Amino acid sequence: MQGLDNHLVSVDAIAEALSSFKIPIRNRLLAIPSRAATLLVGEDDPDVIQAQLEALVHEALAELSEGEIEVVGTRS
């Protein structure tokens, strides 16, 4: 598999890099319901609820996209 800088990258290195993102993704997604509950207490308008949930999901995805994957075990 070719890396971004035209170096070969092992499948194991890619799997390891992706594996390091599992916990942050899991934790960030699991935080959404508690944040939503706080923001939406007493809200009964489905449009407002949907907009808030979408905003929280987009916020989580934006935070996760700011992370960088460090690829180990690359070689020329």
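A contact here means heavy atoms within 4.5 Å. I started with that because my opening look was at who touches whom along the chain, and the cut-off is 4.5 Å. Note to self: this is a predicted model.

**Entry: contacts and overall layout**

I took the contacts with a separation of 6 or more in the protein chain, and 62% of them are between residues 24 or more positions apart. Next I went through the secondary structure and found three helices and zero strands. Along the sequence that reads α-α-α.

**Entry: surface and burial**

I looked up the accessible surface of the protein chain, and it comes to about 5,900 Å². Carbon and sulfur atoms own 58% of that surface. Then I checked burial: of the 76 residues in the chain, 14% are buried.

**Entry: salt bridges**

How many salt bridges does the count come to? I get three.

I wrote them down one by one. Arg28 and Glu59 meet through their side chains, at 3.1 Å from N to O. Arg28 lies in helix H2 (residues 22-40) and Glu59 in helix H3 (residues 46-65), so this pair ties together parts that are 31 residues apart in sequence.

Arg28 also forms a salt bridge with Glu63, and there the closest N and O atoms are 2.7 Å apart. That pair again links distant parts of the chain, with Arg28 in helix H2, Glu63 in helix H3, and their positions 35 residues apart.

The remaining entry on my list is Arg35 with Glu59, a salt bridge at 2.4 Å, N to O. Arg35 is in helix H2 and Glu59 in helix H3, 24 residues apart.

Put together, Arg28, Arg35, Glu59 and Glu63 are linked in a network of salt bridges.

**Entry: how covered are these charged residues?**

Is Arg28 buried or exposed? I read 12% relative accessibility for Arg28, and the cut-off for buried is under 20%, so Arg28 counts as buried. Its partners came out otherwise on my list: Glu59 is partly exposed, with a relative accessible area of 31%, and Glu63 is partly exposed at 41%. Arg35 is partly exposed too, at 33% relative accessibility.

**Entry: what surrounds Arg28**

Which residues does Arg28 touch, not counting residues up to four places away in sequence? I noted Arg35, Glu59, Ala60, Glu63 and Leu64. Arg35, Glu59 and Glu63 are also in the salt-bridge network with Arg28.

I followed up on Ala60 from the other side. Leaving out residues up to four places away in sequence, Ala60 touches Arg28 and Ile32.

**Entry: nonpolar core**

Ile32 and Ala60 sent me to the core. The largest nonpolar core has five residues, and both of them are in it, along with Ala36, Leu40 and Leu56. H2 and H3 are the elements that give two or more residues to this core. H2 gives the most, with three residues.

I added a reminder for context: in soluble globular proteins, nonpolar side chains tend to be buried together.

**Entry: pulling it together**

I kept coming back to H2 and H3. Both give two or more residues to the largest nonpolar core, and the Arg28 to Glu59 salt bridge has one end in each of them. Ala60 is where my two threads cross: it belongs to the core and touches Arg28, which is itself part of the salt-bridge network.

Terms used: Residues are numbered from 1 along each chain as its sequence is written. This is a predicted model: local features need pLDDT of at least 70, side-chain atom pairs count only at pLDDT 80 or more; totals for chains, interfaces and linings use all residues. Side-chain values use heavy atoms; hydrogens and water are left out. Helices (H or I, at least four residues) and strands (E, at least two) are DSSP runs, numbered from the N terminus. Buried means under 20% relative accessible area, exposed over 50%, partly exposed in between (1.4 Å probe, protein chains only). Accessible areas come from the Shrake-Rupley method with a 1.4 Å probe; for residues, only the protein chains shown count as cover. A salt bridge is a side-chain nitrogen of Lys or Arg within 4 Å of a carboxyl oxygen of Asp or Glu. A nonpolar core is a set of buried Ala, Val, Leu, Ile, Met, Phe, Trp, Tyr and Cys residues joined through side-chain atoms within 4.5 Å.
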